[in-house]
Structures are given as structure tokens and as C-alpha cells.
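Here's a quick tour for anyone meeting this structure for the first time. Have a look, then read on.

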Amino acid sequence: MSAETPASREVPKENRFKVWRQTRPFWAGLFTLLGGLPIAYLPYGDMRLGNVTLAMKTTAGAGALIIGVLLITLGLTMWFQPIVRVFAGVATIVLGLVSIPVSNFGGLVIGFLFALVGGGMSIAWAPAPPIEEAVDREDDGEPEASAEAGAVLTAGLPEQRGPEHHATDKTIDANGGRNSAG
């Protein structure tokens, strides 16, 4: 399943999101997105408490914005390109750690913790093994063997020598035209 197709066409519409969510590190991407929001917002936001305005602006606001936007991008990457989940997880953890000195203690520790959890979940996630579909057969499950099928299978094989073939000096050195290693 690729990023272009949200789910198989055979899946009912009410289950498509569930199937999509189970085929990628969904929760890791969500935690990473939630970690990027406070890291990007807090250096630029201000809070009003009655008549008092509490400004969180810092000189490292551009760095915090870049880290927050990168975390949001990595979260979306985990969702839509699950093949790069390990890289995205490691990058998320590194950016979360860098956000501590750059972005108001990592978005007041909230964004930092979300980024670490999301990155760890992304690294730990593995796709489920594919489910092999069982073919329902009316007979006992064994394929029918015919003389024609046996002739077709052995048509491409060279003639096999029986046990009566004895090795000579030439065949020992030549080994039937095949080289042997060691």
C-alpha cells in the first residue's frame, strides 16, 4: 500500500481509516506533531492574565520555529512515508533534545516529552507481517499431478546420471564442467 492510496478498495469505507492507521506508525506521528506545536508556538505566543501580558518571546525564536516545523514535518513523514520511520524517529529525538536549550526548555517540557515519546515509538514500530490468503479448494488440498505436468517440469533439466557412472581422471579434474570452490 502506498501513500497515494489510503486503503484498499475492498475495505468498507467505515474501516479505511483503521486499516490506514494500522499500516504505519500513526501514534508516533501524532505524538511528534503534538511535540512540535508547543515548541514552535511558545516563543512567539503571549498569555494574558487579566491586565497582565506574559510574553514568552526569546532571542532564539527562529531556532524554536525551525525545530517545531521540522518536528511537524517529521510527524507527517511518519504517517505518509512509513518506510523512513527509523530516520524520522532518530531525527525527532535529536530535535527534541536540541529544543531544551533553544525553545524555552523544549516547549515548557511538554513538547520535549512528546517528541521523545514519538521518536521512540517511531523507531520501535515495525510493520505487521503480510497475511497469506488461504485458497479454498473443494478437494483435499493436494494438487493433481499428471504425466504432462511431470514432463513439463523435467523438460528444462539436464539429463541426470545414475549411480552407474564412475569417475575417471578426466571427470575428477573437470568435475562435469563445473568448478568447485575449496
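What follows covers the model itself, one helix, one threonine and a group of rings.

## About the model

This is a predicted model, where local features need pLDDT of at least 70, side-chain atom pairs count only at pLDDT 80 or more, and totals for chains, interfaces and linings use all residues. Residues are numbered from 1 along each chain as its sequence is written, and side-chain values use heavy atoms, with hydrogens and water left out.

## Helix H3

Helices here are DSSP runs (H or I, at least four residues), numbered from the N terminus. H3 takes in residues 61–80, and at 1.5 Å a residue its 20 residues should span 28 Å (1.5 Å times one less than the number of residues). Its end C-alpha atoms sit 29 Å apart, which agrees.

Its buried residues (under 20% relative accessible area, 1.4 Å probe, protein chains only) include Ala-64, Leu-71 and Trp-79. The buried residues cover an arc of only 155 degrees around the axis (taken from the directions from the axis to the C-beta atoms), so they're on the same side of H3. They pack against helices H1, H2, H4 and H6.

## Thr-32

Thr-32 belongs to helix H2 and counts as buried, at 0% relative accessibility. Leaving aside neighbours within four places in sequence, its contacts (heavy atoms within 4.5 Å) include Leu-71, Leu-74, Gly-75 and Met-78.

## Stacked rings

Phe-26 is buried, at 12% relative accessible area. Phe-26 and Trp-79 form a stacked pair (centres within 6.5 Å, planes under 30 degrees apart), with 5.2 Å centre to centre and 10 degrees between the planes. Phe-26 lies in H2 and Trp-79 in H3, so the pair ties together parts 53 residues apart in sequence.

Key: Helices (H or I, at least four residues) and strands (E, at least two) are DSSP runs, numbered from the N terminus. Buried means under 20% relative accessible area, exposed over 50%, partly exposed in between (1.4 Å probe, protein chains only). Rings of Phe, Tyr and Trp (its six-membered ring) pair if their centres lie within 6.5 Å; planes under 30 degrees apart count as stacked, over 60 as edge-to-face and the rest as tilted.
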